[in-house]
Amino acid sequence: RQTLQDLHTKCDAHPGSFIWLGLLEPSRDELDAVTDLLKLDELLVEDAANPAQRAKFVVEEDDDVFALLKLLQYLPGTSDVETGQISVFVGSWYALTVRYGHLGDLSPIRARLERSALLREYGPYAVLYAIADDAVDGTLVVVDEVQQDVTEVETEVFASAPPPDIARVIYNLKRENQEVRRAIGPL
């Protein structure tokens with residue numbers, strides 16, 4: 001608590017500076033402490049704490065921003081699609097990320113921001129941009145993989161001797177397609 005307050009004071013003393021606080025599967029107490037210190041909207045915090053929440057983007061009257069993004073990963077061995085979630089709260093002097101699931105390693109994004117003076121000029125909004133950009137890129141990769149699976153199944157279905165388990169393959173593919181739609185549809 002004191003460290004965060006000290007960092008806020010430092011950010012106030014150095015215009016243009018900001019902190020990025022990342023929470024991975026935080027406990028309710030951890031989330032409540034950060035909510036109080038950053039004066040976050042409690043309903044948005046509830047959304048961030050709900051791994052089943054649909055994707056959303058909210059701009060508040062004070063220009064604070066909240067984004068809840070679904071993260072997707074394609075598993076080539078099984079053709080399954082895994083879903084994770086990351087929420088980003090952005091205020092004038094901070095970016096807070098709340099992540100659930102093992103997807104969404106933020107270290108490459110942090111490194112990208114550290115290398116780019118241009119991105120850092122946008123302050124904590126650069127964190128949101130870089131995370132959203134990465135999430136969209138990851139989603140496009142998954143969509144391409146699922147489309148390739150659809151093409152392969154179409155070829156098998158219309159072959160002279162379709163595999164005996166083709167109904168199961170079609171069912172699994174339909175389920176994965178629905179998972180992708182559920183994750184990206186609200187965006």
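I take contact to mean heavy atoms within 4.5 Å, and I take helices (H or I, at least four residues) and strands (E, at least two) as DSSP runs, numbered from the N terminus.

The model I am reading is predicted, so I note that local features need pLDDT of at least 70, that side-chain atom pairs count only at pLDDT 80 or more, and that totals for chains, interfaces and linings use all residues. Residues are numbered from 1 along each chain as its sequence is written, and side-chain values use heavy atoms, with hydrogens and water left out.

Entry on α7. I looked up which residues of α7 are buried (under 20% relative accessible area with a 1.4 Å probe, protein chains only; exposed is over 50%, partly exposed in between), and found Ile166, Leu173, Glu176, Val180 and Ala183. Seen down the axis of α7, these buried residues fall within an arc of 115°, taken from the directions from the helix axis to the C-beta atoms, so they line one face of the helix. Their cover includes β3 (65-75), β4 (80-90) and α6 (125-157). The face turned away from the buried side carries the exposed residues Ala167, Tyr171, Lys174, Arg181 and Arg182.

Entry on salt bridges. I count a side-chain nitrogen of Lys or Arg within 4 Å of a carboxyl oxygen of Asp or Glu, and the structure holds six such bridges. One of them joins Arg112 and Asp133, with the closest N and O atoms 3.0 Å apart. Arg112 lies in helix α4 (residues 107-115) and Asp133 in helix α6, so the pair ties together parts that are 21 residues apart in sequence. I also noted that Glu176 meets Arg175 in a salt bridge (3.2 Å, N to O); Glu176 counts as buried at 5% relative accessibility, whereas Arg175 is partly exposed at 36%.
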